[in-house]
Amino acid sequence: MQVIIYKFVDGTTNAVEVTEDIYLIHLELLQQEKRNHWRETRRHTSLYYFTDMGIDFEDKRIDLFAEIVRKENAERVHKALLTLSDKRRDFVRKFYYEEMTMRQLQVKRAYRIPLYRNV
């Protein structure tokens, strides 16, 4: 006869006498539980291992090339705006950035119709 000792959360223990066959099954179950725990711990550790070391992987949701192109285009637009006259630059700012309509700009009489055609 073998003795299996159970330890409870509250700190109490209970000893149970079992046959040799049941004791071997108990040992096998304990070993499987340890292996499963190790496997789960290893999996979680490997997920955060590189992050904890400061190594970050590329996020596939962000297209880096598209981001670079967007920044370059923004720089080109900014440089192009600097080449315009103050009146035309103001027109572009109001029309594209402040999203004013042509009608709103015309009502303010800040711009003439021929200027719209040239821009």
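Which residues of α3 are buried? Keep that one in mind while you look around; we'll get to the helix after a quick lap of the chain.

**Get your bearings**

You're looking at a predicted model, so start by colouring the chain by pLDDT. The mean over the chain is 81, and 84% of the residues reach 70 or more. Now select strand β2, residues 13-18: among the elements of the chain, this strand has the highest mean pLDDT, 92. Then jump to helix α5, residues 113-118, where the mean pLDDT is the lowest among the elements, at 53. Where pLDDT is low, the predicted coordinates should not be read in detail. Don't linger there, then.

Switch to a cartoon view and walk along from the N terminus. You'll pass elements in the order β-β-α-α-α-α-α, which comes to five helices and two strands. Of the 119 residues you walk past, 11% count as buried.

**Stop 1: the hairpin**

Select residues 2-7, which are strand β1, together with β2. The two strands pair in the antiparallel sense, over six bridges. Click Gln-2 and look across: its bridge partner in β2 is Val-18. Now click Lys-7, which stands opposite Thr-13 in β2.

What do β1 and β2 form? A hairpin, with five residues between the strands. Zoom in on the turn and pick out Gly-11, which has a positive phi of about 100 degrees.

**Stop 2: Phe-50 in α1**

Next, select residues 20-52. That's helix α1, and Phe-50 is in it. Is Phe-50 buried, exposed or partly exposed? It counts as partly exposed, because its relative accessibility is 35%. Show its side chain and its surroundings: leaving out residues up to four places away in sequence, Phe-50 touches Ile-55 and Phe-57.

**Stop 3: helix α3**

Now for the helix from the opening question. Select residues 86-97, which make up α3. Try the distance tool on the C-alpha atoms at its two ends: they are 15 Å apart. Does that fit or clash with what a helix should span? It agrees, because at 1.5 Å a residue the twelve residues of α3 should span 16 Å.

And the buried residues of α3? They are Phe-91, Val-92 and Lys-94. Two of those names turn up again at the final stop.

**Stop 4: a cluster of rings**

Stay in α3 and show the side chains of Phe-91 and Phe-95. The two sit four residues apart, about one turn of the helix. An α-helix has 3.6 residues a turn, so residues three or four places apart point the same way.

There are two aromatic pairs to find. Phe-91 and Phe-95 make a stacked one, with 5.9 Å from centre to centre and 5 degrees between the planes. Phe-91 counts as buried, because its relative accessibility is 2%, while Phe-95 is partly exposed, with a relative accessible area of 24%.

Add Tyr-96 to your selection for the other pair: Phe-95 and Tyr-96 are edge-to-face, 4.9 Å centre to centre with 90 degrees between the planes. Tyr-96 counts as exposed, because its relative accessibility is 54%. Together, the ring pairs link Phe-91, Phe-95 and Tyr-96 into a cluster.

**Stop 5: an unusual phi**

Step just past the end of α3 and click Glu-99, which is found in the loop between α3 and α4 (102-107). Most residues other than glycine have a negative phi, and most peptide bonds are trans. Glu-99 isn't a glycine, yet it has a positive phi of about 55 degrees. Turn on the surface, too: Glu-99 is exposed, because its relative accessible area is 65%.

**Last stop: the nonpolar core**

Which residues make up the largest nonpolar core? Select Leu-81, Phe-91, Val-92, Met-100 and Leu-105, and you have the five. In soluble globular proteins, nonpolar side chains tend to be buried together. Finish on Leu-81 and look for what's around it: not counting residues up to four places away in sequence, Leu-81 touches Arg-89, Val-92 and Tyr-97.

Key
Residues are numbered from 1 along each chain as its sequence is written. This is a predicted model: local features need pLDDT of at least 70, side-chain atom pairs count only at pLDDT 80 or more; totals for chains, interfaces and linings use all residues. Side-chain values use heavy atoms; hydrogens and water are left out. A nonpolar core is a set of buried Ala, Val, Leu, Ile, Met, Phe, Trp, Tyr and Cys residues joined through side-chain atoms within 4.5 Å. Buried means under 20% relative accessible area, exposed over 50%, partly exposed in between (1.4 Å probe, protein chains only). Contact means heavy atoms within 4.5 Å. Rings of Phe, Tyr and Trp (its six-membered ring) pair if their centres lie within 6.5 Å; planes under 30 degrees apart count as stacked, over 60 as edge-to-face and the rest as tilted. pLDDT is the predictor's confidence in each residue, from 0 to 100. The expected span of a helix is 1.5 Å times one less than its number of residues. Two strands pair if DSSP finds at least two bridges between them.
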